[in-house]
Each structure stands twice: as C-alpha cells, then as structure tokens.
Amino acid sequence: MKQVCVLGNGQLGRMLRQAGEPLGIAVWPVGLDAEPEAVPFQQSVITAEIERWPETALTRELARHPAFVNRDVFPIIADRLTQKQLFDKLELPTAPWQLLASEAEWPEVFDKLGDLAIVKRRTGGYDGRGQWRLRAGDTAQLPQACYGDCIVEQGINFSGEVSLVGARGHNGETVFYPLTHNLHQDGILRTSVAFTHIHIEQQQQAEQMLSAIMHELGYVGVMAMECFVTPGGLLINELAPRVHNSGHWTQNGASIS
Ligand SMILES: Nc1ncnc2c1ncn2[C@@H]1O[C@H](COP(=O)(O)OP(=O)(O)OP(=O)(O)O)[C@@H](O)[C@H]1O
Ligand SMILES: [Mg+2]
C-alpha cells in the first residue's frame, strides 16, 4: 500500500486522507509538533498542506528528507516576492508590482501602478490578512514594519476571479480540472462554482500558464493558481503549492477528488 505523510493536520490534510482511501493510498496528516520517531515517514512520500512552517523537531527532520516532494519549491511560493519574480521570469501576466522598500517610494508607486495600490505581506498572509488597499492619501495607515517586508501591486478592476487546480506527475504529464469561478467577500473565499460548459480560450490560457510554472519548478503533485479575469485575458494573482479550497467541489463532483 502506498503511503503519504502530510505535514500539517488541518482540514486539507484530513480531506487528503479521505481522498486517498478509495485509491488505496494511506495518508497520514501529521501535526507540526509530532515526535519525529512517531511518524512513519521512512516508507512514505512526504508532502505538506501548508506552504510555510515553523522550525520544530519534526520539520527540521523533514526539511532534509529526500522523500519530501517539492521541498525546494515551497519557499519560492511562500514568499510573494520570489513568486512574483517567477511570473516575470516566465513572462506570465500578473498584476504589475514591485517590492515596497521604503516610504519614499510612494509617489513613484502611484505613478507606476495607478490610483489603487494593494500592499501584501511577503509571507504569512491568508484570507485577505496581511493586505492593505491604499490610495495616495492613505499611506500613513501602513505599519512601518511593512517596508521591506511587503510587495505592492496594482489594484485590478477585474470582472471575476477563477482558479485552476492541476497536477503534474513525475513523468511531466499534466492534468487539470475545469476552471472554478470564485466569489470572495472581505478577502475570504465564500463560493466556488464550476461550470460544465467551459470557456475554451480561458481554460487553455490557464492550463498553459500553470503548465509553464509546474515545468519550470519541476513540480510533482497538485497545484492551484488563482487568476483575475480582465478584458485582456487572465492575470495570475497567486499560487498555492497544494490542494485548494476552490477544489472542494471535486470531492463529490468529480471521479477523483
Ligand atoms: N491586485 C489586486 N487587485 C484587486 N484585488 C485584489 C488584488 N490582490 C488581491 N485582491 C483581492 O483580495 C483577495 C485575496 O488576495 P490574495 O489571494 O492575494 O490573498 P490571500 O490572503 O493569500 O488569500 P487566500 O485566502 O487565497 O490565501 C483576492 O482574491 C482578490 O479578491
Ligand atoms: Mg488568494
């Protein structure tokens, strides 16, 4: 029987366990504070349900374990700076951005990015936390600690948000679900809708972008890509190197979760 250890035992880890059962894959979600000796990772593939973790006895041990798939990819995606640099390197469309290094940069930032600036913490943000929407008069609201620790993006006037969940195998083969349409309220994903009638051009653009990213990283496993829908096509918002809440519908709505 195949065995997978998942670093993190939150909802996604437990859902993976449920998804593995019909496929004959034993999934062990492991809390970050577990005793390394108690974890059966010697015979397992190791993955994570989170992209960033504190140093514990367990994470120190796993960090150098050869069976930890995508071990070197997590830090690239967990930092919005290196994630955005990856999009630029691959010439993939994303909201125009820069590192926000000091207060003195604000005039130039608004010149370059327009009236609405979205400041995001490089690491640790989720559900809209660690994020500020600022216009020229508002910049004093931003905590001093943000400078150097945040990126700033152009506020995008999108018509909708979609996400693509895909997977890449060891052999480089890729598979994708149809795009899912997402409704966020106050930075939190409230509703995801997958249509059986897919928008072919949008689907193709999204698959090409996520393929390019997974191939560049030599990624193996499931990855999600969140995008803004704009008249010029999709812009990548961000990546998640794991299963994703916009894919929950596949638990009962697809032949494989
Ligand atoms: N540049 C932008 N322009 C306009 N809206 C944005 C921009 N960036 C983010 N948003 C809005 O804020 C939401 C949350 O942003 P983002 O996904 O970057 O952060 P997060 O806190 O990591 O979210 P998640 O819950 O997905 O982890 C987006 O889904 C979108 O609705
Ligand atoms: Mg997001």
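A polar contact, as the term is used here, is a pair of N or O atoms within 3.5 Å. Keep that cut-off in mind while touring this structure, which is a predicted model.

**Stop one: the ligand**

Select ligand 1 and begin with the side chain of asparagine 237, where an N or O atom lies 3.0 Å from an oxygen atom of the ligand. Then add lysine 120, whose side chain has an N or O atom 2.8 Å from an oxygen atom of ligand 1, and glutamate 161, where the corresponding distance from a ligand oxygen to a side-chain N or O atom is 2.6 Å. On its own ligand 1 has 620 Å² of accessible area, and the protein covers 91% of it.

**Stop two: the shell around the ligand**

Now widen the selection to the 20 residues that surround ligand 1, of which the closest are Lys120, Gly128, Glu153, Glu161 and Glu238. If you colour this shell by class, you should find eight charged, seven polar and five nonpolar residues. Displayed as a cartoon, the elements that each give two or more residues to the shell are strands S5 (117-121), S6 (131-134), S7 (150-154), S12 (221-230) and S13 (233-240).

**Stop three: the nonpolar cores**

Next, hide the ligand and look for the largest nonpolar core, which has 23 residues, those with the most contacts inside it being Leu210, Ile213, Leu217, Met223, Met225, Ile236 and Leu239. Two or more residues of this core come from each of helix H4 (80-89), strand S8 (160-168), helix H6 (200-217), S12 and S13, and H6 gives the most, with six residues. In soluble globular proteins, nonpolar side chains tend to be buried together.

Centre the view on leucine 217 which, leaving out residues up to four places away in sequence, touches Val73, Ile76, Ile77, Leu86 and Met223. Another core, of 14 residues, lies apart from the largest one, and Ala117, Leu134, Cys146 and Tyr147 are among its members.

**Stop four: asparagine 70**

Finally, select asparagine 70, which sits in the loop between helix H2 (57-63) and helix H3 (74-78). Is asparagine 70 buried or exposed? Asparagine 70 counts as buried because its relative accessibility is 11%, and buried means under 20%. Show the residues it contacts, other than neighbours within four places in sequence, and you will find Gly218, Tyr219 and Val220. At valine 220, the backbone oxygen lies 2.7 Å from a polar atom of the asparagine 70 side chain.

Definitions and conventions:
Residues are numbered from 1 along each chain as its sequence is written. Chains are lettered from A and ligands numbered from 1 in the order in which they are written. This is a predicted model: local features need pLDDT of at least 70, side-chain atom pairs count only at pLDDT 80 or more; totals for chains, interfaces and linings use all residues. Side-chain values use heavy atoms; hydrogens and water are left out. A residue is near a molecule or strand if one of its heavy atoms lies within 4 Å of it. A polar contact is a pair of N or O atoms within 3.5 Å; within protein, one must be able to donate a hydrogen and the other to accept it, and residues adjacent in sequence count only if both atoms are side-chain atoms. Accessible areas come from the Shrake-Rupley method with a 1.4 Å probe; for residues, only the protein chains shown count as cover. Helices (H or I, at least four residues) and strands (E, at least two) are DSSP runs, numbered from the N terminus. Ala, Val, Leu, Ile, Met, Phe, Trp, Tyr, Cys and Pro count as nonpolar, Asp, Glu, Lys and Arg as charged, and the others, Gly among them, as polar. A nonpolar core is a set of buried Ala, Val, Leu, Ile, Met, Phe, Trp, Tyr and Cys residues joined through side-chain atoms within 4.5 Å. Buried means under 20% relative accessible area, exposed over 50%, partly exposed in between (1.4 Å probe, protein chains only). Contact means heavy atoms within 4.5 Å.
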